[in-house]
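Here is a short set of exercises to work through with the model open beside you. Try each task on your own before reading its solution.

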Amino acid sequence: MQSKHGYSTYSKKAALSMDAIIQQYGYLVKKIAYHLLARLPNHVDVDDLTQAGMIGLIEAYKRFESTKGASFETYAGIRIRGAIMDEMRKSDWAPRSVRRNGRAVTEAIKELEGKLGRDVTDNEVSEHMGISVDEYHDIMRSSMSTQLFSYEEMLESEHGSNEINIESDDSQPYDVVEEGGFQKQLAVEIDKLPEREKLVLSLYYNEELNLKEIGAVLGVSESRVSQIHSQAAMRLRARLTDWRD
C-alpha cells in the first residue's frame, strides 16, 4: 500500500533509521506547518513551527506501534500537529485583549443559544454584546489565530484511525476515557453546526485546503472564510464549555 506521495505505508519501525524517517516524512512536517501558519499572526516564523513539528515526528517514531492498525503517516500527522500547537500555546503570542474578546463572544453565544434553543447569527451576537457587526467580525478575524484547540485528532479518527492511542504511557485511565468522551461530543457538536460552518471545517481539516482555496469554493473572500472558521470555533467552545472547564 502506498500513500498519495508515493511512499510505501510504514509498518515496521525498526526498518528505518531516524535519519531515514526525517528524510521520508519531512514533507509532512512542512505541509502541516504551512497549513497551520495560515491561522497564526504574521510575526510567527514557519521555521519555528517546522522545528516543533520535527519534534512531533521524532516522538511519533519512538511511540508508533504498527499493530495498532493505523499507518505511520497518519499517526505521525497527529503527533506533528499536536507538537506544533503545544509549542504555540506555550509561546502565548496572542494579546490579552484578543483572548478577552474571544471569551466574551463565547459567553454571548452560549447565553443566546441557551435562551433561544437554536444557532444564533452574527447580528444577534453582536447586538447582544452591544457592538456593531463590523466590530464583531474584527473580533472573529483576530481570534482566528487563537483557535488552536485540536479537533484535528478527532477528524483523523473519523477516517479509520480510531485505534490510535495518542495518550502517553503514564496517562490515567480516567483521563483517557474523559478525552474519548470529549472527542465523541465534539463530533456531535460539529455535526450540529450551520452547514456553511461545517463545510469550512471539513474543507480546512479534512481536505486540507487553505483559506484562499476555501474562499474560491464558497465564492467569498479569504477574510470571510476566516470569520466563518472563527465563528464555528467560538460556537463549539460555547457548546463544550462543561467539558473544558
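The exercises below go from the whole chain to single helices and residues, and the model they use is a predicted one.

**Exercise 1. The whole chain**

Task: Find how many helices and strands there are in the chain, and what share of its residues count as buried.

Solution:
- Step 1. Start with the secondary structure: the chain has 12 helices and zero strands. Read along the sequence, this gives the pattern α-α-α-α-α-α-α-α-α-α-α-α.
- Step 2. Turn to burial. The chain has 245 residues, and 43% of them count as buried.
- Step 3. Look at the surface, where the accessible area of the chain is about 13300 Å². Carbon and sulfur atoms hold 47% of that area.
- Step 4. Finish with contacts. Among the contacts in the chain with a separation of 6 or more, 71% join residues 24 or more positions apart.

**Exercise 2. Helix H2 and its ends**

Task: Describe the span of H2, then work out which residue caps its N-terminal end.

Solution:
- Step 1. H2 covers residues 46-63, which makes 18 residues. From first C-alpha to last, H2 reaches 26 Å, close to the 26 Å expected at 1.5 Å a residue.
- Step 2. At the N-terminal end, the cap is Asp-45. One of the side-chain oxygens of Asp-45 lies 2.9 Å from the backbone nitrogen of Asp-47.
- Step 3. List the buried residues of H2: Val-46, Leu-49, Thr-50, Ala-52, Gly-53, Gly-56, Leu-57, Ala-60 and Tyr-61.
- Step 4. A reminder helps in reading such a list: an α-helix has 3.6 residues a turn, so residues three or four places apart point the same way.

**Exercise 3. Two residues around H2**

Task: Decide whether Ala-60 and Leu-37 are buried or partly exposed, and list their contacts beyond four places in sequence.

Solution:
- Step 1. Ala-60 lies in H2. Ala-60 counts as buried because its relative accessible area is 0%, and the cut-off is under 20%.
- Step 2. Beyond its neighbours within four places in sequence, Ala-60 touches Phe-72, Tyr-75, Ala-76 and Arg-79. The C-alpha atom of Ala-60 is also 8.7 Å from that of Gly-77, 17 residues apart along the chain.
- Step 3. Leu-37 belongs to helix H1, residues 18-37. With a relative accessible area of 22%, Leu-37 is partly exposed.
- Step 4. Leaving out neighbours within four places, Leu-37 is in contact with Val-44, Val-46 and Leu-49. The C-alpha atoms of Leu-37 and Leu-49, 12 residues apart along the chain, are separated by 7.9 Å.

**Exercise 4. How H4 packs on H6**

Task: Give the angle and the distance between the axes of H4 and H6, then name the residues that make the contact.

Solution:
- Step 1. Two packed helices are described by the angle between their axes and the distance between the axes.
- Step 2. H4 (residues 96-116) and H6 (residues 133-143) pack at about 120°, and their axes are 9 Å apart.
- Step 3. On the H4 side, the contact is made by Val-98, Asn-101, Gly-102, Val-105 and Ile-109. On the H6 side, the residues are Tyr-136, Ile-139, Met-140, Ser-142 and Ser-143.
- Step 4. The crossing of H4 and H6 is left-handed.

**Exercise 5. Around the loop between H8 and H9**

Task: Trace the contacts of Leu-193, Lys-198 and Glu-189, leaving aside neighbours within four places in sequence.

Solution:
- Step 1. Leu-193 sits in the loop between H8 and H9, and counts as buried at 3% relative accessibility.
- Step 2. The contacts of Leu-193 are Asp-119, Lys-198, Leu-201, Ala-232, Arg-235, Leu-236 and Arg-239. The C-alpha atoms of Leu-193 and Ala-232 are 7.2 Å apart, with their positions 39 residues apart along the chain.
- Step 3. Lys-198 lies in H9, residues 195-206, and is in contact with Ile-190, Asp-191 and Leu-193. Its side chain reaches the backbone oxygen of Asp-191 at 3.0 Å.
- Step 4. Glu-189 is in H8, residues 173-191, and is buried, with a relative accessible area of 8%. Its contacts are Leu-236, Arg-239 and Leu-240.
- Step 5. H11 covers residues 222-239. Because 13 of its 18 residues are buried, H11 is largely enclosed by the rest of the structure.

Technical notes
Residues are numbered from 1 along each chain as its sequence is written. This is a predicted model: local features need pLDDT of at least 70, side-chain atom pairs count only at pLDDT 80 or more; totals for chains, interfaces and linings use all residues. Side-chain values use heavy atoms; hydrogens and water are left out. Helices (H or I, at least four residues) and strands (E, at least two) are DSSP runs, numbered from the N terminus. The expected span of a helix is 1.5 Å times one less than its number of residues. Buried means under 20% relative accessible area, exposed over 50%, partly exposed in between (1.4 Å probe, protein chains only). A polar contact is a pair of N or O atoms within 3.5 Å; within protein, one must be able to donate a hydrogen and the other to accept it, and residues adjacent in sequence count only if both atoms are side-chain atoms. Contact means heavy atoms within 4.5 Å. Accessible areas come from the Shrake-Rupley method with a 1.4 Å probe; for residues, only the protein chains shown count as cover. Axes are lines fitted to C-alpha atoms, for helices over the stretch in contact, and angles run from 0 to 180 degrees between N-to-C directions. A crossing is left-handed if the near helix is turned anticlockwise from the far one by less than a right angle, and right-handed if clockwise.
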